[in-house]
Amino acid sequence: MDRHELSSSAAGAGPGASPDSGAYRGPDTRTRLLDAAEQAFGERGISATSLRQITAAAGANIAAVNYHFGSKSGLVEAVFERRIRPLGEERHRRLRAVLEAAGDRAPTVEGILTAFLAPVQQVVENPSRGGRQFLQLMARANLESSDEIHEIIFAQFKDSGMEFLNAFERALPELTRTEIFVRFRFCLGAMLFGFASVLDPSRIKMLDAPALRTEDTLHQLVTFLAAGFRTPAPPGGDA
């Protein structure tokens, strides 16, 4: 789906358009659209999901999308903002506590990682904050080919991501920013798969491994990723 299709998906249903049903102005229409979009985006991908599929699942209509979000791109932005804003606020609060505790010393890698990952644990444990659907959504989003979709997602994560990159630079001055960024990307992948395995133990049943609780997964992720972050950069410069 190209930029024009994303931004004009609700064309023909302008602000003055009549909704198809009373659900258009119902108090829960916006939430139903967000819930339906989040589930559909996670299952099919953002580009592969049409507005009609979303409105059918939400019991709404195209005019309702235009009324509440302006376009499909506005809906995509709202879906991510609903989950990422509170996640980013909690990460910021935890990271600030880690940095304040460190004072003039370098913060610990474990402290930074815990500040980044623990809020995701809370989301996973609380379906009302996204749970499984949040992980599906993030995994699918990383596979999207649309530049506009990636711009929307990047804008949501930018401020929080920069905070953590700066903190890792302070904790690991021997690494370049590029090296830290590459390892941060690995961290995101491990986070998504690690917590997804908690929600769906069948992912690891072939290993005959015991199911992990989310708090166990958090501890394992922090331990594993801290060792990876501390590993000296490979010879030959940045990865």
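Is Pro-173 buried or exposed? In this predicted model, Pro-173 is exposed, since its relative accessible area of 64% lies on the far side of the 50% cut-off. Pro-173 belongs to the loop between α8 and α9, the latter helix covering residues 177-199. A partner from another part of the sequence can be named here too: Ala-106 is 67 residues away along the chain, and its C-alpha atom is separated from that of Pro-173 by 9.2 Å.

Before going further, a look at confidence is helpful. The chain has an average pLDDT of 84, and 81% of the residues reach a score of at least 70. Confidence is highest in helix α3 (residues 51-58), with a mean of 96, and lowest in helix α1 (residues 3-7), where the mean is 48. Residues 1-5 have a pLDDT below 50, and the model gives this stretch six contacts beyond near neighbours in sequence. Residues 20-27 are likewise below 50, with 16 contacts beyond near neighbours in sequence. Where pLDDT is low, the predicted coordinates should not be read in detail.

The aromatic residues come next. In total, four aromatic pairs are counted. One of them joins Phe-116 and Phe-164: the ring centres are 5.1 Å apart and the planes meet at 70°, so the pair is edge-to-face, the cut-off for that label being over 60 degrees. Because Phe-116 sits in helix α6 (residues 109-125) and Phe-164 in helix α8 (residues 147-171), the pair ties together parts that are 48 residues apart in sequence. Phe-116 and Phe-164 are both buried. They also belong to a wider group, as ring pairs link Phe-116, Phe-164, Phe-168, Phe-184 and Phe-229 into a cluster. Phe-116 has a charged companion as well: Arg-91 lies over the face of its ring, 3.7 Å from the ring centre.

Helix packing completes the picture. Two packed helices are described by the angle between their axes and the distance between the axes. For helix α2 (residues 29-44) and helix α4 (residues 62-69), the angle is about 105° and the axes are 10 Å apart. This angle makes α2 roughly perpendicular to α4, because that description applies from 65 to 115 degrees. On the α2 side, the residues that meet α4 are Thr-29, Arg-30, Leu-33 and Leu-34; on the α4 side, they are Ala-64, Val-65, His-68 and Phe-69.

Definitions and conventions:
Residues are numbered from 1 along each chain as its sequence is written. This is a predicted model: local features need pLDDT of at least 70, side-chain atom pairs count only at pLDDT 80 or more; totals for chains, interfaces and linings use all residues. Side-chain values use heavy atoms; hydrogens and water are left out. Rings of Phe, Tyr and Trp (its six-membered ring) pair if their centres lie within 6.5 Å; planes under 30 degrees apart count as stacked, over 60 as edge-to-face and the rest as tilted. Helices (H or I, at least four residues) and strands (E, at least two) are DSSP runs, numbered from the N terminus. Buried means under 20% relative accessible area, exposed over 50%, partly exposed in between (1.4 Å probe, protein chains only). A charge sits over a ring if NZ of Lys or CZ of Arg is within 6 Å of the ring centre and within 35 degrees of the ring normal. pLDDT is the predictor's confidence in each residue, from 0 to 100. Contact means heavy atoms within 4.5 Å. Axes are lines fitted to C-alpha atoms, for helices over the stretch in contact, and angles run from 0 to 180 degrees between N-to-C directions. Angles under 35 degrees count as roughly parallel, over 145 as roughly antiparallel, 65 to 115 as roughly perpendicular and the rest as oblique.
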